[in-house]
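Subject: Structure handover

Hello,

Here is the structure you were expecting, with my notes below it. Please read the notes with the model open.

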Amino acid sequence: MTHSSGITPKFTPEITPTVEELEAQERRLVFSEFTPDDAWRLGTLLVEMARERQAPVAIDIHRAGQQLFHAALPGATPDNDAWIARKRRVVERYHSSSYLVGARSRAKGTTFEDSSRLDPDVYAAHGGSFPLTVEGVGVIGAVTVSGLPQLEDHRFVVEALEEFLNKGNS
């Protein structure tokens, strides 16, 4: 399934993580370093997870403006690549996950589109892009998934990052 509208959907609180929970994810999911080999291993893990679930997603990993990994699985479309770029730009601008940026707007009773006044054809605060943060350095890039509903995209990336970091990678 691809994203269908240019506005950030509103979810009921009982099925979505709180801003605090999302912020805690970002504090927890930090790398000691992030190399091109790490990008390959993380990207491969995401592809394996997507294949197991038959998820029709595109996967992208960028570091410092350079694409280090990209894959499109069966069912993904060129539209997913456009969503990846829009979500990744939110991470690059705000140094927070695209889902958290949208959640912060929703928590204030507005939408990202209204509060940011940024072009929605360029920026999308929809779930699926997560900052790659290196301890002592900060945000150096983003890992992004597109093809599922936004909360599922977000959870998919977080699950992969947790597994990757718990295996002692980076």
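Leu42 is in contact (heavy atoms within 4.5 Å) with Phe34, Ile61, Leu132, Val143, Ala160, Leu161 and Phe164, leaving aside neighbours within four places in sequence. This is a predicted model, in which local features need pLDDT of at least 70 and side-chain atom pairs count only at pLDDT 80 or more, while totals for chains, interfaces and linings use all residues. Residues are numbered from 1 along each chain as its sequence is written, and side-chain values use heavy atoms, without hydrogens and water.

Leu42 also belongs to the largest nonpolar core (buried Ala, Val, Leu, Ile, Met, Phe, Trp, Tyr and Cys residues joined through side-chain atoms within 4.5 Å; buried is under 20% relative accessible area, exposed over 50%, partly exposed in between, with a 1.4 Å probe and protein chains only). That core has 32 residues, and Phe34, Leu42, Leu132, Val143 and Leu161 touch the most other members. Elements giving it two or more residues include helix 2 (36-53), strand 3 (129-134) and helix 6 (150-166); helices (H or I, at least four residues) and strands (E, at least two) are DSSP runs, numbered from the N terminus.

Arg63 lies in strand 1 and is partly exposed, at 22% relative accessible area. Not counting residues up to four places away in sequence, Arg63 touches Phe34, Thr35, Pro36, Leu68, Ile140 and Gly141. The C-alpha atoms of Arg63 and Pro131 are separated by 9.7 Å, with the two residues 68 apart along the chain.

In a separate contact, Val19, Leu22, Glu23 and Glu26 of helix 1 meet Tyr99, Leu100, Ala103, Arg104 and Ala107 of helix 4.

Regards
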